[in-house]
Amino acid sequence: MASQVAEFFRDKSVFVTGGTGFLGISLVEKLLRCCPDVMSIYLLIRPKKGKSAQDRLQDVTNNSVFERIKQEGKTDLFKKIIAVGGDVGEEHLGLSSVDRLTLVEHVQIVFHSAATLDFEADLKSTVNINLLGTRRVVEFCQEIRNLKALVHVSSAYVNSTLSEAHERVYPAPMDVKELLRKVEELSDEELNAATPSIIKDHPNPYTFTKQLAEHEIANSKLAAAIVRPSMIVGAWKEPIPGWTISKNGPQGFLMGASKGVVRRLPVAKNLIYDYIPVDVVVNSLLVAAYSIERDRLKTVKVYHLTSSTCMPFKWESVTDKINGYLHSYPLASAVWYPHLKLLPSLLWFKISAFFVHMIPAYILDTVTKVAGGRPILVRLHTNVNKSLGRLEKFIFTEWKFYNKQTQELHDSLSEVDKEKFTLDIRQIDWETYFVDLTKGVRVYLNNEPLKNLNKAKRKDKILLVLHLLLQAFVLTFIWWIFKTILGMTWTQTGMIVPVAYYILSLL
């Protein structure tokens with residue numbers, strides 16, 4: 001039996017914004033591999049760093065996500081990808097009149113994934129890209145001659161002001177005309193000062209503007225759907241288990257931990273963390289587009305791509321195993337013996353990080369500088385500390401995102417499509433997933449192929465010996481200090497060692 005989802009894309013042209021990002025490039029790969037009869041995939045690509053859209057397209061096809069397509073000898077499919085110069089942050093999407101006419105005449109399906117994900121970004125820039133960028137995409141879609149579906153990528157955290165959220169568009173947090181008036185009239189300094197009072201309970205301008213962007217879709221009168229993923233993490237099954245190019249979330253700190261550089265993280269082990277693999281999100285985008293046409297939907301459907309209410313993950317389930325994963329797949333490029341410890345508060349983390357992150361970072365950066373290298377550790381840990389401050393609400397808050405409509409959408413698929421485009425996160429085994437993610441981080445973020453694993457394991461053993469020797473030296477040094485200060489013998493001050501070891505183990 002043929003795939004009905006794949007058949008929907010046959011001979012149709014697709015337009016994708018955000019196609020060079022983690023989710024967007026995964027979408028392009030899945031379209032080519034599982035819907036090979038798609039006519040064309042137009043990617044809106046912003047010229048960057050002296051590179052044209054066409055030049056950047058080469059970077060796209062060189063991405064590791066396409067390894068499977070290359071191994072299967074299907075690189076001719078790359079001819080279906082067409083770069084279009086533009087930017088959602090510019091009027092009319094920055095498209096030339098020729099490109100815009102081509103797209104209006106030929107495109108039937110639009111995936112809007114472009115957004116600024118920077119939690120540091122100010123309100124003015126996030127309004128321009130997340131809110132007005134979506135408005136520009138809607139205006140463009142309203143010009144398309146034969147639009148079949150518009151799928152908008154939102155975020156489950158647009159409703160982060162609620163502890164529980166369902167699959168519907170909630171009331172706007174502010175009148176959009178009033179917001180645009182403020183953005184237009186206030187200076188940058190005045191707008192930045194007024195931002196907390198404007199976004200109110202939202203943790204940052206990102207969630208605020210993404211929530212407003214949903215109303216642009218809901219009010220568009222287009223054949224559209226909204227997909228709300230939670231924290232998008234590496235691939236569960238496709239194209240390769242554990243594949244990732246994103247450094248956000250758990251894959252980012254696994255990257256640092258495997259190097260031996262990140263040794264502490266603030267995590268509430270007993271809270272539910274909502275993670276969703278990128279391949280499941282991609283499947284939802286494709287299935288959502290198909291369902292719009294299949295069901296002749298008259299209203300905008302919302303789909304939560306989330307795990308908190310159907311297959312919840314808690315860090316306590318892998319806390320005792322995570323270091324085992326790191327040592328099963330160690331790095332040949334590790335700078336120290338990996339050992340990751342999760343701490344229950346940001347304050348505890350900052351105290352611990354001073355001793356296990358910052359002091360070693362200053363020492364190693366000094367040595368690197370003397371040796372003529374480029375010191376990076378102090379800057380890295382300083383940036384990590386700043387980012388954790390911005391992420392505190394997301395780290396220590398538990399949300400429940402109900403996904404009944406997503407589950408119903410999965411159940412409505414044929415058996416072939418349930419397998420090929422699964423939306424059912426209930427089948428995931430989180431322990432197996434994190435083993436695969438550790439491997440994926442090793443290969444795709446730290447750029448170390450599995451063929452050097454034996455070499456890396458030998459180095460891991462050497463680093464363990466050095467780590468134990470350093471611990472012995474530190475404890476002996478503390479013992480000597482107390483012996484000298486108190487004017488007592490080694491034997492008389494012997495209890496200092498277990499006490500010091502216990503205190504250090506808390507850090």
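**Exercise 1.** Which residues do ring pairs link into a cluster with Tyr 275 and Phe 313?

*Solution.* The model is predicted, so local features need pLDDT of at least 70 and side-chain atom pairs count only at pLDDT 80 or more, while totals for chains, interfaces and linings use all residues. Residues are numbered from 1 along each chain as its sequence is written, and side-chain values use heavy atoms, with hydrogens and water left out.

Rings of Phe, Tyr and Trp (its six-membered ring) pair if their centres lie within 6.5 Å; planes under 30 degrees apart are stacked, over 60 edge-to-face, and the rest tilted. The cluster linked by ring pairs consists of Phe 253, Tyr 273, Tyr 275, Phe 313, Trp 315, Trp 430, Tyr 433 and Phe 434.

**Exercise 2.** Classify the pair of Tyr 275 and Phe 313, and place both residues in the fold.

*Solution.* Step 1: the structure holds 25 aromatic pairs. In this one the ring centres are 5.6 Å apart and the planes at 40°, so the pair of Tyr 275 and Phe 313 is tilted.

Step 2: strands are DSSP runs of E with at least two residues, and helices runs of H or I with at least four, numbered from the N terminus. Tyr 275 belongs to strand β11 (residues 275–277) and Phe 313 to strand β13 (residues 313–314), so the pair ties together parts 38 residues apart in sequence.

Step 3: buried means under 20% relative accessible area, exposed over 50%, and partly exposed in between (1.4 Å probe, protein chains only). Tyr 275 counts as buried because its relative accessibility is 7%; Phe 313, at 1%, is buried as well.

Step 4: Phe 313 also pairs with Trp 315, edge-to-face, with 5.1 Å from centre to centre and 80° between the planes. Trp 315, too, is buried.

**Exercise 3.** Describe the surroundings of Lys 30.

*Solution.* Step 1: Lys 30 is part of helix α2 (residues 22–34). With a relative accessible area of 3%, Lys 30 is buried.

Step 2: a charge sits over a ring if NZ of Lys or CZ of Arg is within 6 Å of the ring centre and within 35 degrees of the ring normal. Lys 30 lies over the face of Phe 421, 4.9 Å from the ring centre.

Step 3: a polar atom of the Lys 30 side chain is 2.7 Å from the backbone oxygen of Lys 420.

Step 4: contact means heavy atoms within 4.5 Å. Leaving aside residues up to four places away in sequence, Lys 30 touches Cys 35, Glu 238, Val 282, Asn 283, Leu 286, Lys 420 and Phe 421.

Definitions and conventions
A polar contact is a pair of N or O atoms within 3.5 Å; within protein, one must be able to donate a hydrogen and the other to accept it, and residues adjacent in sequence count only if both atoms are side-chain atoms.
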